[in-house]
Each structure stands twice: as C-alpha cells, then as structure tokens.
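Good morning, and thank you for making the time. I would like to take the group through one model, beginning with a single residue and ending with the ligand.

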Amino acid sequence: MTLEELEQAKAACLAEIAAAADAQTIETLRVKYVGRNGAIPALIKAMKDVPKEDRPAFGKAVQAWKAEAEDAIAEKKTKLQDAGGGRQNSAHPCDATLPGRWTDFGVEHPISRVISDAARIFGKLGFTVADGPDIENPFNNFTALNTPPHHPSQDRTDTFWLTSDTLLRTQTSPVQIRVMQANKPPVRVICPGRTYRRDTTDATHSANFHQIEGLYVDTKPVSLADLKSVLAYFAKEMMGDGVGVRFRPHFFPFTEPSVEVDFTCHVCKGKGCNVCKQSGWIEIAGAGMVDPRVFEHVGYNPKEVSGYAFGFGVERIAMIKYGIPDIRWLYENDVRFLHQMA
Ligand code: DAH
C-alpha cells in the first residue's frame, strides 16, 4: 500500500465512522479498523514489507490513522448514547433508562396512630392538645390530684422516684394541673403522653406506656351527661359504628363521682365473644367529675367552675382495635409487625 492509498483508506474509514447511525454499526467499524484483527493492526504488522526508506513516514501515517479512528469512534459512541439518553451520559450523569429507586415507606406506629386519631376526634369537639414533662414533681402528680402521701401509688415500689421531689409521672393527670394553673376556665384539652410504673413486663403490662388525659372545665355547669356524650362520640369514631359506652361506679382521688368507662365490644357489638370474655363490654377508661379539692389546688374556685376529666390507655385501645395480643409487640420495632398495620 502506498502512502497515498493509505490516506484514501483512512478518509474512507473516518467517513464510515462519521456516517454510523447506531451503536451496533460503530462496534462493527471498531472491530473492522482498530480491533485486534482489524485493518490498522494488519498494516502495523505488514510494516516490515514496506521499503526501509518509506517506513518512518508510513509508520507515522498509520499511527495517526489509528489515533484518529479511535478518537472518532469514542466520540461517536458518546454522541449516540447522549442522543438516546443511554448510560454513561457524560453531560448528564443521570441514566433515565434505569428503573427508579424505591424508598421503603414506613407506617405510622399504632401508638402514634391512636394518639393522632384521638387528637383529630376530640379536635372536632373543640379540644386542643396539651403537653407536659415526663419528669414531674409530687405536687402535680399526687398532691394536687388529691392523692395523699399514704396512697399506695406514692410507694417506692409503685413509682419511679428520681429524687425526693422528682419522679417519672405515673399518669398523664398532672398535665391537668399544669393546664389549669396556666389558663383561666374554660379549658378543653387532651394530653397524650408517656407514663411510668414499676410494673413487671408481661403480655398486658409494661413499665412505660401511654395515656391520653382529657379535661373540660367551664364556668357554666358541666355534667356527667356531657362527659358521657363526648365519650360516646369518641367510642363511635375510634372503634366504629355500634360501639357505645357504659359507666360503672368507681373511685379515683381526683374525681367525684368517679366511673370506669366500658366500650361496647367492637368485635361482637355487645353479643359476647372471646375478646370481651362474653360480657359484651371492654373496659377502656377512668373518668369522673373533677373533685373540688383539685380546683382548690390550682386556684380555681370550686363554687364557680365545674368539669369532667377522663384518662385512657393508648396501648389498650391499639391492642383492642388492631387485635394485638401482646403489649411488647408495640415496643419491639419489628418491621414485619409494623407493616401489618399499614
Ligand atoms: N389517671 C388514672 C389512671 O392512671 C386514669 C384517670 C381516671 C384519669 C379518672 C382521669 C380520671 O382524668 O378522671 O389510672
């Protein structure tokens, strides 16, 4: 091959590369020209047959062809990929042809769900959400709630005392005290939060659990019937149609009269089943009319105000509503369990 023929062959090769319209053609041309058995390596091998005096110029021309062909092929490949939105797009390093990356969305924890549902339901009745600290003083947790020092709940075996005047709150009821101390009546709040008791953990007990407290105090008369209607509305909204409430007499130091509140069993709708131990009712909350002593402790005049309060266990509602047999499942953070709540 003469130098002139070589220049012609090179021009033809570069024209072919320039005309290539797809990745397959460019690959065929790469193999044809620069591949191991391609035209250019063949010329390099045949260099020994070129007359000695022509060899340097010929060699230079072949190397130039090789370099130009390789550059043209690489450039063309990039261009074709850019045009097709293909991989390794240098200008746009994102590959639009790859499947999207899925984020594994979490689900709202049953405890959070009961709390947010309760906030929504009571919110429709004008209740706002109040918060209080987990570490309380004995006045808010006991004294102001008319619970005397000899009461068993004040015992070291029942309550986590941190110092002689700090403890982990045993109930959300102290938030009632904080709310009344900070606000003039009327007050209408629910107070969700974590509570602590020296309980040995088993399927239905936990040393820390959640409660939702409710408090309504007004200067116009508030009655037990008001309390019952509000809890009946809550029962229906939270557990479904056909779920009502009944009150049973009980005792709490901070309410007078006090009641325990049962919901109609949402599974059998009151007929009797295993869930309600054939009674048709499930115990849900404690409640009552705020004791005048509590009003005195927060500086309200018991002759001018009246109100009701209630408190229920969040885990208890979650377990009943979602059919969770063991309270510990709520704290284990096993995603297989949590995903069933989706
Ligand atoms: N604090 C009570 C408990 O932990 C629950 C309770 C009962 C709250 C009656 C109240 C209430 O506000 O009026 O067992």
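Is Q278 buried or exposed? Q278 is exposed, with a relative accessible area of 51%. In these terms, buried means under 20% relative accessible area, exposed means over 50%, and partly exposed is what falls in between, with a 1.4 Å probe and protein chains only.

Before going further, some notes on the basis of these values. This is a predicted model, in which local features need pLDDT of at least 70 and side-chain atom pairs count only at pLDDT 80 or more, while totals for chains, interfaces and linings use all residues. Residues are numbered from 1 along each chain as its sequence is written, and side-chain values use heavy atoms, with hydrogens and water left out.

Let me return to the backbone. Q278 sits in the loop between strand 8 and strand 9. Helices (H or I, at least four residues) and strands (E, at least two) are DSSP runs, numbered from the N terminus. Although Q278 is not a glycine, its phi is positive, at about 65°. A second residue of this kind is N333, also not a glycine, with a positive phi of about 60°. N333 belongs to the loop between helix 10 (314-322) and helix 11 (335-339), and with a relative accessible area of 55% it is exposed. As background, most residues other than glycine have a negative phi, and most peptide bonds are trans.

On peptide bonds, two deserve attention. The bond from P185 to P186 is cis, with omega near 0°; P186 is placed in the loop between helix 7 (174-182) and strand 5 (187-196). The bond from E256 to P257 is likewise cis, with omega near 0°, and P257 lies within strand 8 (residues 255-264).

V187 is in strand 5. This residue is buried, at a relative accessible area of 4%. Its C-alpha is 22 Å from that of T147, with the two positions 40 residues apart in sequence.

Now to the overall arrangement. The protein chain is assigned domain 1 (3-82) and domain 2 (110-340); such bounds come from an automatic or database domain assignment. Taken over C-alpha atoms, the centres of domain 1 and domain 2 are 84 Å apart.

Near the start of the chain, T2 is in the segment before helix 1 (3-19). T2 is partly exposed, with a relative accessible area of 41%. T2 and D54 are 52 residues apart in sequence, and their C-alpha atoms are 9.2 Å apart in space.

Next, the aromatic residues. The structure holds 13 aromatic pairs. Rings of Phe, Tyr and Trp (its six-membered ring) pair if their centres lie within 6.5 Å; planes under 30 degrees apart count as stacked, over 60 as edge-to-face and the rest as tilted. Y33 and W65 make a tilted pair, 6.1 Å centre to centre with 55° between the planes. Because Y33 is in helix 2 (residues 23-33) and W65 in helix 4 (residues 55-84), this pair ties together parts that are 32 residues apart in sequence. Y33 is buried at 7% relative accessible area, and W65 is buried at 2%.

One aromatic cluster is formed by F122, F127, Y216, F234, F263, Y308, F310 and F312.

Finally, the ligand. Which residues come nearest to the ligand? Of the 15 residues around the ligand, these are Q171, S173, R197, Q211 and E213, where near requires a heavy atom within 4 Å. By character, the shell divides into five nonpolar, eight polar and two charged residues. Here Ala, Val, Leu, Ile, Met, Phe, Trp, Tyr, Cys and Pro count as nonpolar, Asp, Glu, Lys and Arg as charged, and the others, Gly among them, as polar.

An N or O atom in the side chain of Q171 is 2.8 Å from a nitrogen atom of the ligand. For S173, a polar side-chain atom lies 3.0 Å from a nitrogen atom of the ligand. A polar backbone atom of A309 is 3.1 Å from an oxygen atom of the ligand. Taken alone the ligand exposes 350 Å², and the protein buries 90% of that; these areas come from the Shrake-Rupley method with a 1.4 Å probe. The elements giving two or more residues to the shell are strand 6 (208-218), strand 9 (281-290) and strand 10 (306-313).

How values were computed: Polar contact = N/O pair within 3.5 Å; in protein donor to acceptor, adjacent residues only side chain to side chain.
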